[in-house]
Every structure is written in C-alpha cells, then in structure tokens.
Amino acid sequence: MSNGQPHDLECLTIDQLEKIAADRMDKQTRDYYNEGADSGTTLAENKLAYQKYRIRPRVLRDVSKIDTSVDIFGFKNTIPMGVAPTAMQRLAHQDGELATARACRKAGIVMGLSSFSTTSLEDVKGALGEEHPGLLQLYLFEDREESKNLIARAKKAGYKAVALTVDTPMLGRRNLEIKNQFKLPRHLKSANFDREGNNHSTTSEEKEAEANETRKRTQEQQASRAGYHDGSQWVSPTGRITFHSHAPNPTLNWERDIDWLKQQCHPEMEVWVKGIATGEDAILACHHGVDGIIVSNHGGRQLNGALATLDALPEVVDAVKSMNRKMPVHVDGGIRHGTDVFKALALGADFVWIGRPVLWGLAYKGQEGVDLCLKLLNDEFRLCMGLAGVTRVDEIGKEYLAKINRDGFVSKL
Ligand SMILES: Cc1cc2nc3c(=O)[nH]c(=O)nc-3n(C[C@H](O)[C@H](O)[C@H](O)COP(=O)(O)O)c2cc1C
Ligand SMILES: CC(C)CC(=O)C(=O)O
C-alpha cells in the first residue's frame, strides 16, 4: 500500500465514504448495516469516545522512516488494524466477501470472516491466498456437529485463528431490522451452511445469477416477507440455518464451551474470544487459556447502554496485566480515522478491527472501494505516527495521550 497512489477526490475520508455509500445501498441493507441496538446510544458513543482524547505530539525526532507494521498470527500486517467479521457482504456488492479478501490481500491486512458470510470460507481463503492468515468468526451452535464441521473446514482451508463471538447469547433488538422484516434475500445464501452445495464453492453461472439479482434488488428495494419477528426473537419459517435462528446461543459458558473449542482448534488454529467488555471477563479469559481477546460490543448492535469499547479498554488492559500473562488485547467499534487507531493503541490495545467502513467501501465500488477504505486509514495512521513523533508501533503509549474531561480540562494519562 503506497502513499503515492492518486486520491479519490470524491472520497477523502471515511465519513465521506459513509455518506456516499448510504446512497448506493437499498434501504434494507443500509438499515441492517448501519443501525445499532435500541436507541443507538452505544453505537454513537463508540465513535464519540475517541473525541475525549487528544494526542500529545513529540517533535524533532527524525520520522523519515516509519514502520507501521505489526505481527499477527505469524503474518506481517501492514498496520495494527484488521477487517472485522461482518455478515452477508454480498448485500453491499455482488463480489461481497471475495472483494474484501482481495483488498485485504493487496493491502497486507488480515481479514475476519463471519460464519454468516455469503461466500464460502474456502472461496474466501482462496482469494486471500496461502500467505495470508484468515480468522474465522464463530457462533457456536447448540448443535455441535455443525460447528465441529465448520471448524474442521476452516482448519483444512488454512485459517490460522477462530474468534468465538460471545456477546450474542441473544440477539440485540434492532428496530429497523424488525420493521423491515429483514432477512437474507432469496438469491443469496449463508454460504457456509448451504446443504445443497457439496463443495461450498460457487460456480461462475451462479455468480452471474447472483449479480443480476443483486442489481435487480437494489433497483426495486423490495421488502422481504418471509420470516417474522415475534416480539423477542426472529422466527424462520424454513427450518434452514439462518442468522436469526442460529447465531444466538443462550447456553454458551466458559467451562464447557471454551475448553471444547480449544480441543477442536489447537494447535493449528488460535482461539480468540470476541465481545469482552469488562476486566472480570478478561481475567476469566486468561484463566481459560484463550489466545487473545477482542474488546467489542458488536458495533453497538447488542446491548444498548453498554460502555463504549474505548472506555472499556483500559480496565481490560489492566486486568490482563494483573494476570502476568502475555495475552493480546484487541478492540473494535467506532474506529473511523487513523488517529483513532493511534489512540486505541495508546490506551493499551495491541491491534484494532474495523467493521462498517469496509461495508461502505464495498457498497461504493466493490474491491476498489475497500482498497480505498484501507488506504485512507493506512495513510492517516502513518501520518499520525509521523506527526506525533513515533516511528515504530510499539513506541505508542499512554504518554502520547491527554484526556479532555467533562468540564473541558485536559489531564495527562
Ligand atoms: C452489518 C454487520 C454485521 C456484523 N456481523 C457480525 C458477525 O457475523 N459476527 C460478529 O462477530 N460480528 C459481527 N459484526 C460486528 C463486527 O464484527 C464488529 O464488532 C463491529 O462492526 C465493529 O464496529 P464498527 O462497525 O463501528 O467498526 C457485524 C457488524 C455489522 C455492522
Ligand atoms: C449473523 C448475525 C447475527 C450477524 C451479526 O452479527 C450482526 O448482524 O450483527
């Protein structure tokens, strides 16, 4: 990824990308992607939390050579940022997860794939290439055979890590999703669970048919009628594996499930837990020997009123430190600028993940849009490091931040 690439003058920031993308998505997709749970407080605060911090730049430090890279899953990642798993990317663009994978490969950035992707995990790994580590996001189903099968396939395909999502014992209440009776349109499928397909890959005829359907759908902005919400849960009339029926699993628990998952995955794949929001749970994650944690509130889509992830991060980092175990701590939610990446690292995160901006990139221009999204954040992060007087990622620490308190006073951390 080079700073020398020409700019897209229509779109110079992620905020502009968000606006452009909004016009390119049909209403159902836009609402599904952009909404938070309930009144959206946590969704908004995830982003606002970054405004409470300011950077304390150091000068006269020779920043002519900056190394933005970090190691993750044995891979040299261009910047300390990856693409978070988000479901159903073919809603945004006909190339969906394949476009994201190609952009990640080009940028040297790790990709998280949702279990509920509209492209199979095998096809996505093929597009990422051998060198590139994949992370498969997991929802552990009550039917263990299905999850076992998925894990075995991920291992075989060469994924280096799984991330178990733990903030969805039940699905958060997303009112627009309910109002729109949102469900995956018929021409798309949850590609990892499609029982009719035997090799889980998609033929070129199928791809063409999907592309035509996506175009048609975008024009017509159809409302979906199958599937309904009974007030607390979605009900799928077909009995197939759908995200409404299978993603939430209220029985998940530390003792039974984490140990089981480690047995299934180690040593080929690391086991991460995504959705930690407190120091107490970070300590439990250490006790249960997971390989890393992601501080996340699911992009404000689950428990509205939960702390912004940046506000939860310090207690998680402190808790992990208190355990004297080197367990990496990542964070996602509300990251929209390279300076946000810098601030999260200064508060103790080892790495960050971005969700919606990639979907907006996809909606804008498919792979080209994701290329642009990753480039904007990469360029901003590099510039931020240089202007803050930092040449290596591991130099970024608390001393580079000040906090603006409610009363407007500035305090050093
Ligand atoms: C449309 C959408 C779908 C998502 N699907 C998943 C998913 O399948 N599994 C998961 O663990 N997280 C999912 N997430 C949450 C993201 O992985 C990530 O935690 C969140 O998007 C980060 O916040 P951000 O969008 O503000 O960057 C989804 C988020 C969005 C917006
Ligand atoms: C499979 C779903 C539950 C997708 C998801 O995590 C989300 O919509 O936030």
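Q: Where does H298 lie, and what makes the neighbouring elements a strand and a helix?
A: H298 sits in the loop between β11 (292-295) and α12 (309-322). Helices and strands here are DSSP runs numbered from the N terminus, with H or I over at least four residues for a helix and E over at least two for a strand. This is a predicted model, in which local features need pLDDT of at least 70 and side-chain atom pairs count only at pLDDT 80 or more, while totals for chains, interfaces and linings use all residues. Residues are numbered from 1 along each chain as its sequence is written, and chains are lettered from A and ligands numbered from 1 in the order in which they are written.

Q: What does the UniProt annotation "active site" cover?
A: In the unreviewed UniProt entry, that annotation covers H298. UniProt positions follow the numbering used here, feature names are shortened, and annotations may be inferred rather than shown by experiment.

Q: Why is H298 called buried?
A: H298 has 26 other C-beta atoms within 10 Å, so it is buried. The label needs 20 or more other C-beta atoms within 10 Å of the residue's own; 12 or fewer make a residue exposed, anything in between partly exposed, and C-beta atoms are placed from the backbone.

Q: Which residues does H298 touch, not counting residues up to four places away in sequence?
A: With those left out, H298 touches D167, T168 and G275. Two residues are in contact if their C-beta atoms, placed from the backbone, lie within 7 Å.

Q: How do you know whether L150 is buried or exposed?
A: L150 counts as buried, because 21 other C-beta atoms lie within 10 Å. L150 belongs to helix α6 (residues 144-157) and touches S115 and N192, leaving aside residues up to four places away in sequence.

Q: And K179, buried or exposed?
A: K179 is exposed, because 11 other C-beta atoms lie within 10 Å. K179 is part of helix α7 (residues 175-179), and its C-alpha is 9.7 Å from that of Q28, though the two are 151 residues apart in sequence.

Q: What makes the packing of α1 and α14 oblique?
A: Helix α1 (residues 14-24) and helix α14 (residues 356-365) pack at about 50°, with axes 8 Å apart. That angle makes α1 oblique to α14. Angles under 35 degrees count as roughly parallel, over 145 as roughly antiparallel, 65 to 115 as roughly perpendicular, and the rest as oblique. Axes are lines fitted to C-alpha atoms, for helices over the stretch in contact, and angles run from 0 to 180 degrees between N-to-C directions.

Q: Which residues make the contact of α1 with α14?
A: From α1 come I14, L17, E18, I20, A21 and R24, and from α14 come P357, W360, G361, A363 and Y364. By class there are eight nonpolar, one polar and two charged residues. Ala, Val, Leu, Ile, Met, Phe, Trp, Tyr, Cys and Pro count as nonpolar, Asp, Glu, Lys and Arg as charged, and the others, Gly among them, as polar.

Q: Why is α13 called oblique to α15?
A: The axes of helix α13 (residues 338-346) and helix α15 (residues 367-388) come within 7 Å and cross at roughly 60°. It is this angle that makes α13 oblique to α15.

Q: In which hand does α13 pass α15?
A: The crossing is right-handed, meaning that the near helix is turned clockwise from the far one by less than a right angle; anticlockwise would be left-handed. The crossing of α1 and α14 is left-handed.
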